[in-house]
Amino acid sequence: ELEALKARVWEMEEKAEKLKELQNEVEKQMNMSPPPGNAGPVIMSIEEKMEADARSIYVGNVDYGATAEELEAHFHGCGSVNRVTILCDKFSGHPKGFAYIEFSDKESVRTSLALDESLFRGRQIKVIPKRTNRPGISTTDRGFPRARYRARTTNYNSSRARFYSGFNSRPRGRVYRGRARATSWYSPY
């Protein structure tokens, strides 16, 4: 019985060595040559992004059930389409209702603007040239962090001090809370 166990352990060790060799061979092959169809993520410079954005359009009010092939067929008459991007919510995976279409030349963008307010799957779509995002400008930037200018209070029986001093923590009525920084020179479209 002990001999049978030793033989089985020896077989398992041989199999483990063979698996390690196969795994090393596969890793070497993967490191040597990238897969032919997928070159990995493409990193573009700012100039390349701006040039690609100049050949692209924004399509708004896109039906949620629309596919990239249908959008490509709708804009096929404007020119050769390189890429159709339908943006989706990262949590639910549902489409957001707009898309970007990249053409092979800039003239196609001008001709595609004629399809503004046309019907696509029963909806009137909005077609405008794609804008290039400017580095450092965010549409969600609210200015300074809110906690920077908070007043410091002493914590000596504060609930009683508020009651007796007439301090009301919540203002009554409507209170206007304006934006911290106004950027009147920037328009997203």
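1. In this predicted model, ring pairs join Tyr58, Phe98 and Tyr100 into a cluster, and a search of the whole structure finds three aromatic pairs. The ring centres of Tyr58 and Phe98 lie 5.6 Å apart with their planes at 35°, so this pair counts as tilted, given that planes under 30 degrees apart would count as stacked and those over 60 as edge-to-face. The pair links distant parts of the chain, since Tyr58 belongs to strand S1 and Phe98 to strand S3, 40 residues apart. Both Tyr58 and Phe98 are buried.

2. The cluster member Tyr100 also has a charged neighbour, for Lys130 lies over the face of the Tyr100 ring, at 5.0 Å from the ring centre.

3. The strands that carry Tyr58 and Phe98 can be placed in a wider arrangement, because strands S1 and S3 belong to an open sheet of four strands, which runs in the order S2-S3-S1-S6 with antiparallel pairing. Strand S2 (81-88) and strand S6 (126-129) stand at the edges with a single partner strand each, so one side of each is left without a neighbour in the sheet. Direction ignored, neighbouring strands of this sheet are turned by 20° against each other on average. As general background, the strands of a sheet pair through backbone hydrogen bonds, either parallel or antiparallel.

4. Strand S1 deserves a careful look from both of its sides in the sheet. Towards S3, five bridges join S1 (residues 56-60) to S3 (residues 95-103), the two running antiparallel, and Ile57 stands opposite Ile101 in S3. Towards S6, S1 pairs in the antiparallel sense over four bridges, with Val59 standing opposite Val127 in S6.

5. How many of the five residues of S1 are buried? Five of the five are, so S1 is largely enclosed by the rest of the structure. In a regular strand the side chains alternate between the two faces of the sheet. In S1, both faces are covered: on one side Ser56, Tyr58 and Gly60 are buried, and on the other Ile57 and Val59 are buried as well.

6. At the other end of the strand order, S2 and S3 run antiparallel and are joined by six bridges, among whose residues Arg83 has Glu102 in S3 as its bridge partner. The strands S2 and S3 form a hairpin with six residues between them, and Gly93, which lies in the turn, has a positive phi of about 85°.

How values were computed:
Residues are numbered from 1 along each chain as its sequence is written. This is a predicted model: local features need pLDDT of at least 70, side-chain atom pairs count only at pLDDT 80 or more; totals for chains, interfaces and linings use all residues. Side-chain values use heavy atoms; hydrogens and water are left out. Axes are lines fitted to C-alpha atoms, for helices over the stretch in contact, and angles run from 0 to 180 degrees between N-to-C directions. Rings of Phe, Tyr and Trp (its six-membered ring) pair if their centres lie within 6.5 Å; planes under 30 degrees apart count as stacked, over 60 as edge-to-face and the rest as tilted. Buried means under 20% relative accessible area, exposed over 50%, partly exposed in between (1.4 Å probe, protein chains only). A charge sits over a ring if NZ of Lys or CZ of Arg is within 6 Å of the ring centre and within 35 degrees of the ring normal.
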